[in-house]
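Subject: Structure for you to look at

Hello,

Here is the structure I said I would pass on. Please open it and keep it in view while you read the notes below.

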Amino acid sequence: MLLGSFRDFALVPISLAAALLDLVHKGEREGYFFYKVMRWAWHSEEMINVYSLIKDEVGEKGVDPNYTVDSVVARIEGAVVREYQKGGTAVNIKAALDKVIDQVHREKPEEGRGVRSGSSRVKQELKPPQ
């Protein structure tokens with residue numbers, strides 16, 4: 001785990017530098033350098049394989065792909081983009097965000113708990129001025 005932490009610590013500035021380089025220098029495709037760093041990170045994660053010790057434990061279940069951070073953020077992003085394209089106001093966008101978060105919570109209450117607690121700060125920020 002220590003080796004993985006050092007790797008993560010090193011990858012943060014490297015990935016930021018790659019993203020900045022992508023803004024300045026146009027590579028073969030958009031985000032070329034950043035995605036190259038992402039491939040290095042994925043490969044090093046596979047090589048370190050921190051969680052291999054518990055991989056085959058009885059009772060361990062996999063992660064539902066519908067409730068990963070990426071998929072929940074994609075659902076929220078989709079709702080915000082749809083409201084924005086319709087010309088929605090901050091209140092409409094907040095209502096769409098609430099709807100997506102409530103849907104995630106209803107579908108899987110145990111996974112939705114983290115989404116709900118994290119979103120309470122966002123809801124406070126989007127609250128219209130009084």
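The notes below go through confidence, salt bridges, aromatic pairs and a surface patch.

Confidence

Please keep in mind that this is a predicted model. The protein chain has an average pLDDT of 80, and 80% of the residues score at least 70. Among the elements of the chain, H1 has the highest mean pLDDT, at 94. The lowest mean, 54, belongs to helix H5, which covers residues 109–126.

Salt bridges

How many salt bridges does the count come to? The count is five. Three of them are described here, starting with the one between Glu-45 and Arg-7.

In that salt bridge, the side chains of Glu-45 and Arg-7 meet at 2.5 Å, taken from N to O. The pair links distant parts of the chain, with the two positions 38 residues apart in the numbering: Arg-7 is in helix H1 and Glu-45 is in helix H2. Helix H1 runs over residues 2–24, and helix H2 over residues 32–48.

Is Arg-7 buried or exposed? Arg-7 is buried, because its relative accessible area is 16% and the cut-off for buried is under 20%. Its partner Glu-45 has a relative accessible area of 31%, so Glu-45 counts as partly exposed.

Which residues does Arg-7 touch, if those up to four places away in sequence are not counted? They are Ala-41, Ser-44, Glu-45 and Ile-48. Glu-45 therefore appears twice for Arg-7, as a salt-bridge partner and as a contact. Arg-7 and Glu-45 also belong to a network of salt bridges that includes Asp-8.

The next salt bridge is between Lys-86 and Glu-83, where the closest N and O atoms are 3.1 Å apart. Lys-86 is exposed, because its relative accessibility is 62%. Glu-83 is at 13% and so counts as buried.

The last one described here joins the side chains of Lys-94 and Asp-98, at 2.9 Å from N to O. Both residues sit in helix H4, which covers residues 90–107. Lys-94 and Asp-98 are four residues apart there, so about one helical turn separates them. Both Lys-94 and Asp-98 are buried.

Aromatic pairs

A pair of aromatic rings is described by two things, the distance of the centres and the angle of the planes. How many aromatic pairs does a search of the whole structure find? The search finds two.

One pair is Tyr-32 with Phe-33: the ring centres are 5.1 Å apart and the planes are at 80°, so this pair is edge-to-face. The other is Phe-34 with Tyr-35, with centres 5.8 Å apart and planes at 75°, which means that this pair is edge-to-face too. The cut-off behind both calls is an angle over 60 degrees.

As for accessibility, Phe-33 is at 21% and counts as partly exposed. Phe-34, at 29%, is partly exposed, and Tyr-35, at 41%, is partly exposed as well.

Surface patch

Which residues make the nonpolar surface patch of about 520 Å²? The patch is made by Met-1, Tyr-51, Leu-53 and Ile-54. Ile-54 lies in the loop between H2 and helix H3, the latter spanning 69–85. Ile-54 counts as partly exposed because its relative accessibility is 38%.

Regards

Key: Residues numbered from 1 in each chain as written. Heavy atoms only, no water. Contact = heavy atoms within 4.5 Å. Phe/Tyr/Trp six-rings, centres within 6.5 Å; stacked < 30°, edge-to-face > 60°. Buried < 20%, exposed > 50% of the residue type's maximum accessible area, 1.4 Å probe, protein only. Salt bridge = Lys/Arg side-chain N within 4 Å of Asp/Glu carboxyl O. pLDDT = per-residue confidence, 0-100. Patch = residues over 30% accessible without salt bridge, like charges linked within 9 Å, V, L, I, M, F, W, Y side chains within 5 Å. Areas by Shrake-Rupley, 256 points an atom, 1.4 Å probe, with all protein chains shown as cover.
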